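The following exercises concern a single protein chain, to be worked through with the sequence and the coordinates at hand. Each task is followed by a solution in steps.

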Amino acid sequence: MDEVVGEQRSAFPFDVPAQEARAVWVDVRVPENARPGHYLGLVEVTGHGFRESLKVRVTVVDATLASTSPLRTAFLLWPPHVCRAFTGNPSCPVDTQVHLLKQFHRLALSHRFTLASAFPRLPEQPTWDLPDYDTFDARWGPFLDGSAPNPLPGARMTSLQYLGPATAPDLADFQDEARARGWLRRSFDYVGDEPPYGTTWEAVAERARLARSAAPDLRTFLTATVTETESHGLLEDIDILSVLVNFIDGTQPPYEGNQRPKYDAFLARPNRELWLYQSCMSHGCVEGEPPPPENQPGQGWPSYMVDRSAAKARGMQWLTFRMGATGELYYQTVGLLSTAWTTQFRFNGNGDGTLFYPGLTSIIGGTTDVPLPSIRLKLIRQGLQDSEWLKRVSDAGDPAFARRVAEQLIPHAWAIPDDGALFERARLKLIRRYLELRARER
């Protein structure tokens, strides 16, 4: 059955050609009322002329992870890409967008991350289609307050991008509405992207100062380093700096080595946050150019590419903990959704900006079109769970242990291991330590 509406689909049975192999990903969700202990199960695989049984052992510990990850996330989504994938037209009606985007929000929250910009928009209208805030609240409030149905009860969005017009009255109106409805602390205005390339520094300054004057309690968000931001005289106007992993602990000047101490003064200011993000620079942005020299077997940058090792997609959240960051940005999740089954090659990477698949009934069967998660989303969810264990050990009284485990696993931002077993062993260390610390409190 699919994860969104629970319909039986056509995934099984399937054929495996001679001399080939197929993998099956199985999610196991432990009920909240399950008693701690060891559970044994049996998986039977049958085919023409064979039957195999696989023993499965699940250990349930006396702890429950939160439905909402403590690591804030803002994974972005451009609705016209969803429209094109599901209807063939990037300008599908708002009601259709609402229906589809609610499915995407549900699936994202069940994987512990937030689609911060997944609200109806049209190609010719980059701002959100917002008839009024009461309508917005009726549609999206349940995802923001945790009342929307979800396999993780109470899962709620951890971020909300302001997508309204860049005018003082609109910004002020949003601030007032977001404050009244309990969204303001999670909201941000994205004032610029990777200046001077995505946005000029002059445009960043203009937008940031507009937001500061019109909506002083709405947090401003910028993808840039603290060095660049300070050199342009904008540190006072930025609340959240999202920094590329290649620039927080890099291999090339001017960001060679661990840059994290340079952010201490910025973070000492009230309400400031450091977020991280990864990009095509993890694999090389220009087609034909070799990948970064540090991308050797057993190491390399965090990556959400299809053909990178699975562990690379789980390392990002460990790195945010290592660097004392409180959030993660990802620039796009549906960039090539309409062609995801055949090609996702974008910015020189397979899967760059595409983390979902279109579950059209013509492909997966059933009667309802739904979004499907990639295996990379499963791995990102594992990383978010890992980050919660790191935080739990820290909050329970042993931050040095949590940091040591993280540093042993990921000594540098460019040294994400390829061996998933290393991640499992590191997580087990954290779980055992957390249970020890909690037992001492009793």
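**Exercise 1.** Against which elements do the buried residues of α1 pack?

*Solution.* The model is a predicted one. Begin with the extent of burial: helix α1 spans residues 79-87, and seven of its nine residues are buried. These are P79, P80, H81, V82, C83, A85 and F86. Next, follow their contacts outward: the buried residues of α1 pack against α2 (94-110), β14 (356-359) and β15 (370-373). Finally, examine the end of the helix: just after α1, G88 adopts a positive phi of about 85°.

**Exercise 2.** Determine what surrounds R186, and which side chain of opposite charge is nearest to R186.

*Solution.* First, locate the residue: R186 sits in the loop between α4 (168-181) and β5 (187-193). Second, look for a charged partner. R186 is buried but has no salt bridge; D145, the nearest side chain of opposite charge, is 7.7 Å away. A salt bridge requires a separation within 4 Å, so D145 does not qualify as a partner of R186. Third, turn to the backbone: a polar atom of the R186 side chain lies 2.7 Å from the backbone oxygen of M157. Fourth, list the contacts beyond four places in sequence, which are R72, L144, R156, M157, T158, S159 and L160.

**Exercise 3.** Classify G349 as buried or exposed, and describe its surroundings.

*Solution.* G349 belongs to strand β13 (residues 349-350). The relative accessibility of G349 is 4%, and therefore G349 counts as buried. Leaving aside neighbours within four places in sequence, G349 is in contact with H283, M305 and Q344. As for G284, its C-alpha is 8.0 Å from that of G349, although the two residues are 65 apart in sequence.

**Exercise 4.** Examine three salt bridges, stating where the partners lie and how far they are covered.

*Solution.* The structure holds 30 salt bridges.

- Step 1. D189 and R207 meet through their side chains at 2.7 Å, N to O. This pair links distant parts of the chain, with D189 in strand β5 and R207 in helix α5 (residues 201-214), 18 residues apart. Both D189 and R207 are buried.
- Step 2. E424 and R314 form a salt bridge at 2.6 Å, N to O. E424 lies in helix α13 (residues 420-441) and R314 in the loop between β10 (273-277) and α9 (315-322), so the pair ties together parts that are 110 residues apart in sequence. E424 is partly exposed, with a relative accessible area of 38%, whereas R314 is buried at 4%.
- Step 3. D398 and R433 form a salt bridge at 2.9 Å, N to O. Here D398 is in the loop between α11 and α12 (399-409) and R433 is in helix α13, 35 residues apart. D398 is buried, with a relative accessible area of 16%, and R433 counts as buried at 13%.

In addition, E3, D27, K378 and R381 are linked in a network of salt bridges.

**Exercise 5.** Which element gives the most to the lining of the second largest pocket, and which residues line the largest cavity?

*Solution.* The second largest pocket has a volume of about 1200 Å³. Of the 25 residues that line this pocket, A11, F12, V24, W25 and L372 are the closest to its centre. By element, α10 (361-364), β15 and α11 (375-395) each supply at least two lining residues; β15 gives the most, with three.

Now consider enclosed space: the structure holds one cavity of 30 Å³ or more. The largest cavity contains about 50 Å³ and is lined by F119, P120, W128, D129, L130, F136, R139 and W140.

Note on methods: Residues are numbered from 1 along each chain as its sequence is written. This is a predicted model: local features need pLDDT of at least 70, side-chain atom pairs count only at pLDDT 80 or more; totals for chains, interfaces and linings use all residues. Side-chain values use heavy atoms; hydrogens and water are left out. Helices (H or I, at least four residues) and strands (E, at least two) are DSSP runs, numbered from the N terminus. Buried means under 20% relative accessible area, exposed over 50%, partly exposed in between (1.4 Å probe, protein chains only). Lys and Arg count as positive and Asp and Glu as negative; His and the chain ends are not counted. A polar contact is a pair of N or O atoms within 3.5 Å; within protein, one must be able to donate a hydrogen and the other to accept it, and residues adjacent in sequence count only if both atoms are side-chain atoms. Contact means heavy atoms within 4.5 Å. On a 1 Å grid over the protein atoms alone, a cavity is a set of points where a 1.4 Å probe fits but cannot get out, and a pocket is an open set with protein on both sides within 12 Å along at least five of seven lines; lining residues have an atom within 4 Å of a point. Grid points are joined across faces, edges and corners, and a volume is the space filled by probe spheres set on the points.
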